[in-house]
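User: I'd like a close look at one part of this model, and then a walk outward from there. I'm in my first year, so please explain the terms as you go.

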Amino acid sequence: MGLGSYIGRRLTIAVGLIFVVATLNFAILHIAPGGPEAVLLQNPRITPQARVLILKSFGLDKPLHEQYLLYLKGLLTGNWGTSYFYLQPSFDVIAQRIPATLLLMIPTLLLTISLGVLLGVFSSRKPFSLLDRAISSFAFFFYSMPAFWLGFVLLTIFALFFRVLPAGGMTSVTATTFNFFDYARHLVLPMMTLTLINVANFALLVRSSMIEVLDQNYIVTARGKGLTEQMILYRHALRNGLLPTVTMIGLFVGFILQGAMLTETVFSWPGLGLLTFDSIFRRDYPIVLSLLFIFSTMIILSNLITDIIYGFLDPRITYD
Amino acid sequence: MKGKKKIVLACCFLALTALGMSGLTAAQQPNVLVVALATVQPEMTDLNPTKMLTSYYTALAYLNLIGWDKDGKVEPALAQSWNISPDGLTYTFTLRDGLKWSDGQPITSEDVAFTFKVFTEQSEFWYYQWTPIQVADSKTITGFALRDGAITTPDPKTVIFHLTAPSATFFIYAAGWCILPKHYYEGMDLTKQNPDLSTIVASGPFVPRQYIPGDRLVYDANPNYYGGKPALDQIIFKFYRDSTAAEVALQTGEVNYMQDIPPQDATTLRNVPGLQVANEQNQINIFIVFNLYPKLADGSANPVSNLNVRKAIAMSLDLSNILNASLGGNYKQANQIQVPNMYYLGKSVTNSSIPLPEYPYDTAAAAKLLDDAGYPVKDGKRFSLTLVMRLGRWGTAGYKMMQLVQSMLKVVKIDLQLILMETTSAMQSIYRAAPPKDWNMALASISSSPDPDVNAYFMVSSLAGNIGPGGFNAGGYDNAFVNQLVILGQNTTDVDKRVAVYQRISGIVHQDLPVLELYYQTEVIAWNKKYQGFILGLGNPMHDYWGALKYQSLSQVSIVQETTTTSETTTTAAPTDYTTISVVVVLAVVVAVLAYFMGRRTKKAT
């Protein structure tokens with residue numbers, strides 16, 4: 001089977017998977033106790049007649065199967081519903097938050113991968129040495145921490161005690177124009193939180209992969225040829241040692257979204273994570289379903305892309 | 001250390017220093033008050049007044065015909081005077097002279113008439129408050145329209161409401177409502193669109209100008225505010241999803257004011273130099289609601305449906321110690337459904353004959369009541385109960401409070417299981433589930449209104465579906481006489497007689513104990529001492545957020561000009577010079593990169 005057929009088959013499966021996930025999202029959200037009316041109507045002064053009107057205005061008076069069909073139709077036509085709380089199309093509400101999330105996710109992803117690879121390589125040079133143990137301990141230490149707790153600790157240390165970084169938000173409160181360093185200052189703590197928690201994944205994966213590669217005959221040959229250790233590590237071993245990391249990147253998209261939800265809450269970073277968090281508690285169905293659709297599509301597609309890239313990187317892989 | 005490495009390290013140090021230095025100065029422009037919003041749901045602000053009336057938004061932007069002084073007594077706002085006809089059918093308001101919207105247009109009686117038309121016809125959330133001036137109309141989203149001739153405006157300063165029947169609640173609900181600018185909102189379909197903040201006009205001391213979802217809401221001073229241009233240039237509401245981050249920001253000076261601080265954090269903040277911390281009672285009443293249905297949803301018997309069991313529970317709890325231990329003095333112990341700092345047209349509606357505490361702490365008497373009620377101790381306990389509470393709403397203080405309740409009930413051999421639920425699930429379980437419910441007790445609260453009808457009607461009446469699914473009377477208290485009194489209260493326009501009705505209701509409720517009053521909420525408020533002019537006390541009880549601050553005082557808040565520095569005061573810091581820092585950082589990076597490549601070339605050459 002060629003690459004084209006492989007991609008076609010995987011895309012077909014991806015579409016089916018997205019449909020299943022979308023259906024499950026709808027079902028789970030509606031099975032969960034409470035609904036948007038519990039929040040919309042929590043003002044006790046709203047009369048029973050008014051309650052009926054409010055539910056009708058949001059389409060919540062329709063039977064569930066009708067709501068489900070409308071939801072599917074909306075997904076296909078690009079009409080993802082209107083937020084119960086923002087009174088704007090869900091797509092618009094989400095689009096407003098995407099830049100903030102990308103601003104957090106992309107640097108975090110790059111830093112986590114870079115740092116993870118670097119630590120993994122350093123670790124692998126002399127397995128079980130003091131450096132290796134220190135790096136592994138460091139990685140496990142932060143990996144085992146809850147994201148929100150680490151976030152609060154960093155907030156307390158850097159924002160409260162040392163007062164070198166801000167306590168939250170994406171920009172200074174009174175900023176009226178874009179300033180790169182203002183954004184950068186606000187990015188440091190949430191990015192540090194996500195990076196520290198996730199760097200262990202890459203560090204340990206690269207470490208074990210590199211240890212395996214460094215044991216190979218061609219590495220022994222390279223040493224025998226008199227190449228420097230640096231050249232052996234970065235020119236010969238790392239390229240092969242990084243292959244499992246490529247797979248990890250696909251999965252990492254999901255991890256980072258999950259971590260971003262908690263981190264954005266701690267640091268009040270106005271991204272998709274915070275929107276998801278709030279919308280789930282408010283049962284803002286259009287927003288939650290749209291976000292779940294986006295996230296699930298991102299994860300499915302990123303894994304697909306990872307699998308395809310893997311084939312290019314490793315000539316031993318064939319598309320069967 | 002080799003030369004190249006020294007240069008690289010020095011450059012990195014410079015860059016980090018520059019980045020860090022930018023944090024050492026408070027990045028604030030002068031004359032701006034930054035308010036942290038943490039516990040208030042910041043996202044419930046689509047800024048459409050007909051949908052969710054988000055308190056801080058409307059209270060600052062749109063004034064009412066009347067206001068409240070710091071003691072909760074009615075005072076003039078947009079209206080300088082008013083008159084109610086003896087038959088209670090005609091309400092005449094006279095506006096102040098020279099009122100203007102922020103764009104300079106005059107505020108007239110036409111704006112008042114327009115406001116009620118808009119809310120009647122376009123707001124399914126609020127239309128029902130003014131039924132005496134409405135008629136049915138199937139063409140509007142609410143099913144109602146303003147009755148022809150219900151509001152007349154004989155001149156720009158006079159607005160007259162003509163009711164079809166006397167209504168004791170009409171004055172507060174009408175005169176206490178935000179007045180919208182007709183020239184701005186006319187022609188706008190607020191069922192489908194939100195106002196544009198870049199052009200919005202307001203009558204309050206500040207005009208909303210910018211809204212960044214999830215981040216902030218910015219107000220500019222209104223030069224045409226009738227109380228005079230505010231001393232501050234801007235008020236910025238900064239949204240925090242967690243109160244801890246907001247408190248850190250308060251301590252570092254990123255924000256200057258914060259309300260609704262968790263009580264357990266009050267002591268910490270009091271020790272922070274430069275912060276003023278105060279307590280003020282707001283209008284929220286916190287209580288335990290008893291499920292009065294004989295059986296639960298699963299068919300099991302419900303012990304708390306027995307009055308003696310409820311009394312025994314009340315007598316088993318040393319409430320003052322429970323409240324002290326969990327709230328640390330930031331509370332006022334409650335004993336009745338009406339909140340004591342709420343006055344109805346200047347009159348207190350509290351019933352002074354109800355003792356405090358409602359029932360004395362007496363575990364021996366409680367045990368006897370339980371024995372007499374047919375619940376002796378068997379196998380170490382009498383019965384099990386469940387108590388539902390919302391996660392997050394009460395914070396750790398609330399959870400601690402209920403744990404103490406649990407411990408004290410154990411003394412009389414009642415096994416209490418606490419069920420924590422997130423908001424929506426809790427609301428569903430407590431209010432929206434059809435009776436009988438699946439819990440015995442629930443922790444609840446109500447935000448009172450300057451009209452005593454609210455607490456009486458919603459907490460303890462079974463009128464109009466109030467005990468059905470969605471009804472606030474979640475426990476199902478159904479007392480026909482109380483219902484009659486509530487209706488009487490709604491129709492009695494004589495102030496003294498009306499107050500007597502609600503005092504009577506409070507007395508009956510105390511006897512029947514459908515709810516166990518815990519406390520009236522006292523807010524912990526903190527602000528940077530460089531700001532002066534805040535006046536605490538019920539500011540606008542129609543708008544919950546500012547419950548403990550007279551929000552109109554924000555127009556007089558100013559920054560203290562410091563001439564000396566002490567360990568207790570903070571000075572206004574110069575704005576951060578990002579340009580210089582940017583240049584330093586860029587130079588540092590360039591030097592580091594150059595040093596690296598120069599080092600490599602040198603190494604290759606050798």
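Within how many Å do the axes of H5(A) and helix H6 (residues 130–143) of chain A come, and at roughly what angle do they cross?

Analyst: The axes of H5(A) and H6(A) come within 8 Å and cross at roughly 145 degrees. Some ground rules before we go on. Residues are numbered from 1 along each chain as its sequence is written, while chains are lettered from A and ligands numbered from 1 in the order in which they are written. This is a predicted model, where local features need pLDDT of at least 70, side-chain atom pairs count only at pLDDT 80 or more, and totals for chains, interfaces and linings use all residues. Helices (H or I, at least four residues) and strands (E, at least two) are DSSP runs, numbered from the N terminus. An axis is a line fitted to C-alpha atoms, for helices over the stretch in contact, and angles run from 0 to 180 degrees between N-to-C directions.

Back to our pair. H5(A) and H6(A) make a left-handed crossing; left-handed means the near helix is turned anticlockwise from the far one by less than a right angle, and right-handed means clockwise. On the H5(A) side you'll find Leu119(A), Phe122(A) and Ser123(A), which meet Leu131(A), Asp132(A), Ile135(A), Ser136(A) and Ala139(A) of H6(A). Two residues are in contact if their C-beta atoms, placed from the backbone, lie within 7 Å. Sorted by class, that contact has five nonpolar residues, two polar and one charged. (Ala, Val, Leu, Ile, Met, Phe, Trp, Tyr, Cys and Pro count as nonpolar, Asp, Glu, Lys and Arg as charged, and the others, Gly among them, as polar.)

H5(A), which covers residues 90–125, also has helix H11 (residues 243–267) of chain A as a partner: their axes come within 11 Å and cross at roughly 135 degrees. That crossing angle is why H5(A) counts as oblique to H11(A). For the cut-offs, angles under 35 degrees are roughly parallel, over 145 roughly antiparallel, 65 to 115 roughly perpendicular, and the rest oblique. The handedness of H5(A) on H11(A) is right-handed. H5(A) brings Thr101(A), Leu104(A), Met105(A), Thr108(A), Leu109(A), Ile113(A) and Val117(A) to this contact, and H11(A) answers with Thr245(A), Ile249(A), Phe252(A), Ile256(A) and Ala260(A). Here the split is nine nonpolar, three polar and no charged residues.

Now follow H11(A) into the loop between H11 and helix H12 (272–282) of chain A, where Ser268(A) is found. Ser268(A) has a positive phi of about 50 degrees although it is not a glycine. Ser268(A) is buried, because 28 other C-beta atoms lie within 10 Å. (Buried means 20 or more other C-beta atoms within 10 Å of the residue's own, exposed means 12 or fewer, and partly exposed is in between; the C-beta atoms are placed from the backbone.) Arg163(A) also has a positive phi without being a glycine, near 55 degrees. You'll spot Arg163(A) in the loop between helix H7 (147–161) and helix H8 (180–214) of chain A. With 19 other C-beta atoms within 10 Å, Arg163(A) is partly exposed.

Next, the partner chain. Chain A puts 52 residues in contact with 59 residues of chain B. Among the chain B elements that give two or more residues to that side are H1, strand E1 (32–37) and helix H16 (578–605), but the largest share, seven residues, comes from H12(B). By class, chain B's side has 26 nonpolar, 21 polar and twelve charged residues. Right after H12 of chain B, in the loop before strand E20 (441–447), sits Pro436(B), and the peptide bond from Pro435(B) to Pro436(B) is cis, with omega near 0 degrees.

How far can you trust all this? The predictor gives the complex an ipTM of 0.83 and a pTM of 0.84. Chain B averages a pLDDT of 85, and 85% of its residues score at least 70; pLDDT is the predictor's confidence in each residue, from 0 to 100. In chain B, confidence is lowest in helix H1 (residues 3–24), with a mean of 58, and highest in strand E9 (residues 158–162), at 98. The pLDDT falls below 50 over residues 23–27 of chain B, a stretch with 15 contacts beyond near neighbours in sequence. Where pLDDT is low, the predicted coordinates should not be read in detail.
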